[in-house]
Amino acid sequence: MPTITVNQKVFEQLVGKILPMEQLKDRISMLGTDLESIENGEINVEIFPNRPDMLSEQGFARAFSSFIGVKTGLKQYSVKESGCKVIVDPSVTMRPYTACAIVKNLTFDDERIRQIMQIQEKLATTHGRNRKKSAYGIYPLRHITFPISYIAKDPKTIKFRPLGFEAEISAADVPELHPKGKAYQHLTKEWKKFPFLIDAKNNIMCMLPFTNSNDTGKVDIATTEVFVECTGTDLHNVEVALNIITTALADMGGEVYNVEIVYPDKIMITPNLLPKKMKVDSTFINKLLGLSLKEKEMTLLLERMGYGYDNGNVLIPAYRADILHQVDLAEDVAIAYGYENFKETIPNVATIGEEDPLEVFNKKIRGVLIGLQMLEVKNYHLSTKEELLDKMNLKNLKEHTAIPLKNALGEHNHLRQWVIPCLLRVLADNQHHEYPQNLFEIGRVFSPNKKTETGIEENEHLAVALCHEKVDFTEIRQILDTIFSSLALEYTVKETEQNCSCCSCYVGIIDACCCNRIRS
Amino acid sequence: MDNIQSIVAKLHPLERQVLPVLQQHLELSSVATHAKLSEVEVMRALQWLENKEIIKIQSEKRKVVHLEKNGQVYKKDGLPEKRFLKALDESFKGLNVITKKAKLSREEANACVGLLKKKNAVEISQQEGLSVKITEEGKKIQNTQWPEEYFLLHAFPKEYEESKDRTIVDELKRRKDIISVHEEKKVTIILNPLGHELLKEDLSAEVVNRLTPAMLKTGSWKEKTFRAYDVEINVPKIHPGKKHFDNEALEYIKQIWLDLGFKEMTGNYVQSAFWDLDALFVPQDHPAREMQDTFYVEGKAKLPPLWKKVKEVHENGSDTGSTGWRYPFSEEETKQLLLRTHTTVLSAQTLSKLKKEDLPAKFFAVGRVFRNEALDWKHLFEFYQIDGIVVDPNANLKHLKGYLTQFYKKMGYTAVRMRPAHFPYTEPSLEVDVFHPIKKQWIELGGAGIFRPEVVKPLLGFECPVLAWGQGMGRIIGEYWKITDIRDLYKNDVKQLREMKLWLK
């Protein structure tokens, strides 16, 4: 999950109040952001993926200021007409949506530039799913002539100077040469054409989803007006991203202007910073939280979380991406109420506890074996092919298939199909300890079975290994006898074909009984 | 009974056997020989005697020279090179002739040529094969006693006297199987004044160590002298049968939930992405799903009929009153097989089987979950998680805190704190901290919340608040046994398993 770095001075200015350190730390945690550190005038805080609007210092400070009661309630953002247009060409099928805005009256210094780079980067990682769903660009307005076209072109026909490069290169080389090209070219494997934003004077603004042009797409301290674009595969996602960026820019003092997006079949005006309405059932919220808040109290709590309230409807700010259902509002009411203020209650509800019958059975068997002075061991369910098959002389037996994992990072990359090899390894690892070493394990094993939902059958097995100088078949049979007579079951033993080279005369082994089967 | 008599009464038969021997023999091996006991038995008796301050055991390390296979032959028949030299005269003789005369093997003969050349005792000619004759020097030493020969005359094993023996031992050690030098422990016994006193006592009386059925039957016990028990004696260790310590803790944890009226949930370790993630409303493009921490298994799962309902909820919220995540749900993705990443998968499956008339209902699971991580002191790829759900039309957030507070109280933590958090399947979502009474700080144990309607409605068929939690137990369990390297939980060291203290809660 993303962590953002916030300049404490900027933050306090935005919040409009300076809190003592302990209180600041506590309030940050109780807002629903995970504080990592405050040091050297920087606040490092982890933002949960449901709140991309807090990935900018403006967004984070906005939420915090409201939460501690300084500037509460719905923040209104006005959008002015710009008359500028972006024409979407039907060719951009691979990333069909865009939402754009213009923001004027800004001032930039190095700190501000760091801030807007941070918003774009963190937002693209989380909300934009590493640019797969959406990606964003900010351009000094003075370099751009409208209308802009959003169009897919063969990269071989385009030359431009990517961000950070000294000279123009062919767009076809960007995936290989540019750092962002290398990082995101996996998203474009199927593409023959790439989407570009190109202005009216045929200046290349950016190549998606990689990089802006260094000539038109680099914000510097001389910048006062910017063009903001978000492009992607999901319209809602793109719009929310634009709202998050433009409200952050507005909180820097900017004036927001709209842009007309001309699709082949429709025209959309972005950004739309009007709040959305959601009907709220205060009885439902009170019941879920175990509270009995009056409408007035609930309104105040909603306002602490940046919402407006209007006659049964909650007004949701345009930058909030996470409100899918009124339970999301219920959570925010709870946060504003303070998680620390909920009193623990045990309700007077009678239910009867019940242990799983197989677990009960396993416990009984465990008791019998411990009574026989056996030591219980516990191994991992993942093991190596070498241990499960090769060392057991089972290389060529088809019926002993250990199920492989597709992507294991460590060497343990098979699910065990029996427990015995694990016990043998334990014996091998413990040669320096005193004998007798009589061990057992009750654990799960896995085997292919097409009839199950997953194609894999899981069973609980008991495995026993006796290891000392005088061990013989009698002793291992005695253990089997004891188990079965404890269960009042008759049983017979038959020889199998299995030939395990490792079963020397010093190690007695049982892996015959599958607990599930015995039980039934 | 005076002091000496009381000591005599408590003597173990082994001590009674060993003590008289100490009159004449004070070295372990000879004590063993004369007491007709094994060295181990003698050592046990000696240790008991030392504990009672009857004797003092002194052990020192020393080096001992042993005579090996060839050394024994040479001691009897003479050194091969000496025999070789004696077979020579002043004219060159072929090696075959000499070998035969000196009754040596060809290999020995070859070695002899080198050895004697070094002593300047022979002259070698390469004409017509290898031939050898004796020199003046050779004649001089032909009939004297060499230091090697003198050394072999000793009785072996012989104590290694470094200053005297070093040169000769080094030389003989270089040759095959003549001698070897070992470090040995020499144990000698010193009798304390109490020991001398005891030796004056008659220890030969037959004392009885245990009562036998025969003694009872015949009544012979009436005439016997019984050995008095020495209650302070150390006894040899025995190894008990024992439950794995981790299971002790897990059983305790299970018992808490059972006592609180929860039913146990169990289920498969291999699950579909459908049950593990999609049924819990985790969007298929959620960043956590892209992370490489899930183990995937080859194959595709069969989906239950309700998968279509879940798909609809992801895409547009269906009838849950939600907007859904608004993306096209992939059937391929949901069929993927994986090792369960949390026991919350069992909560989802339990909900799908519940009926309205079963409510209110409470369930818990204590089970293994898997994370695709390389093993190190902080990370295991398999560990335990607890999960719980309360399905109750009247459940609320305060109850959630109530249940968790009860549970952690029984685990030894005095207070529980909730902090806002985010999980895709709960709303409100919260992080659960417990107050550590010794460290005096809050520690983070895992997540909890109330399942979203998008989770509950497709599975249960109707809306109902479901309190839910899922928490790791490794940290708490490890801490109880002061385990700092988490791998030690499942290292299966037999000594550790035998000696681990019980879960005393």
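**Exercise 1. Helix packing**

Determine how helix α9 and helix α10 of chain A are oriented relative to each other in this predicted model, and identify the residues that make the contact.

*Solution.*
Step 1. Two packed helices are characterised by the angle between their axes together with the distance separating those axes.
Step 2. For α9 (residues 295-304) and α10 (residues 326-337) of chain A, the angle is about 90 degrees and the axes are 8 Å apart.
Step 3. Angles of 65 to 115 degrees count as roughly perpendicular, and α9(A) is therefore roughly perpendicular to α10(A).
Step 4. On the α9(A) side, the contact is made by Met298(A), Leu301(A), Leu302(A) and Arg304(A); α10(A) contributes Val333(A), Ala336(A) and Tyr337(A).
Step 5. Sorted by class, this contact comprises six nonpolar, no polar and one charged residues.

**Exercise 2. Sheet topology**

Establish the strand order of the open sheet containing β16, β17 and β18 of chain A, and state which strands stand at its edges.

*Solution.*
Step 1. The order of the three strands is β16-β18-β17, with antiparallel pairing.
Step 2. β16 (276-279) and β17 (308-310) of chain A each have a single partner strand, so both stand at the edges and one side of each has no neighbour in the sheet.
Step 3. From one strand to the next, the twist averages 30 degrees.
Step 4. β17(A) pairs with β18 (residues 313-316) of chain A over three bridges, in the antiparallel sense.
Step 5. Within β18(A), Leu315(A) is the residue opposite Gly308(A).

**Exercise 3. The setting of Arg161(A)**

Classify Arg161(A) as buried, partly exposed or exposed, and describe its surroundings.

*Solution.*
Step 1. Arg161(A) lies in the loop between β8 (159-160) and β9 (169-170) of chain A.
Step 2. There are 18 other C-beta atoms within 10 Å of Arg161(A). A residue is buried at 20 or more and exposed at 12 or fewer, so Arg161(A) is partly exposed.
Step 3. Apart from neighbours within four places in sequence, Arg161(A) is in contact with Ala167(A), Glu168(A), Ser213(A), Asn214(A) and Asp215(A).
Step 4. Phe473(A) is 312 residues from Arg161(A) in sequence, and the C-alpha atoms of the two are 80 Å apart in space.

**Exercise 4. Domains and the chain interface**

Give the domain bounds of chain A, the separation of domains 2 and 4, and the composition of the side that touches chain B.

*Solution.*
Step 1. The assignment gives domain 1 (3-67), domain 2 (79-270), domain 3 (277-338) and domain 4 (357-519).
Step 2. The C-alpha centres of domain 2 and domain 4 of chain A are 61 Å apart.
Step 3. At the interface, 78 residues of chain A are in contact with 80 residues of chain B.
Step 4. The chain A side has 35 nonpolar, 22 polar and 21 charged residues.

Notes
Residues numbered from 1 in each chain as written. Chains lettered and ligands numbered in written order. Predicted model: local features only at pLDDT ≥ 70, side-chain atom pairs only at ≥ 80, totals over all residues. Domains from an automatic or database assignment. Axes fitted to C-alpha atoms, helices over the stretch in contact; angles between N-to-C directions. Helix = DSSP H or I, 4+ residues; strand = E, 2+ residues; numbered from the N terminus. Parallel < 35°, antiparallel > 145°, perpendicular 65-115°, else oblique. Contact = placed C-beta atoms within 7 Å. Nonpolar A, V, L, I, M, F, W, Y, C, P; charged D, E, K, R; others polar. Pairing = 2+ DSSP bridges.
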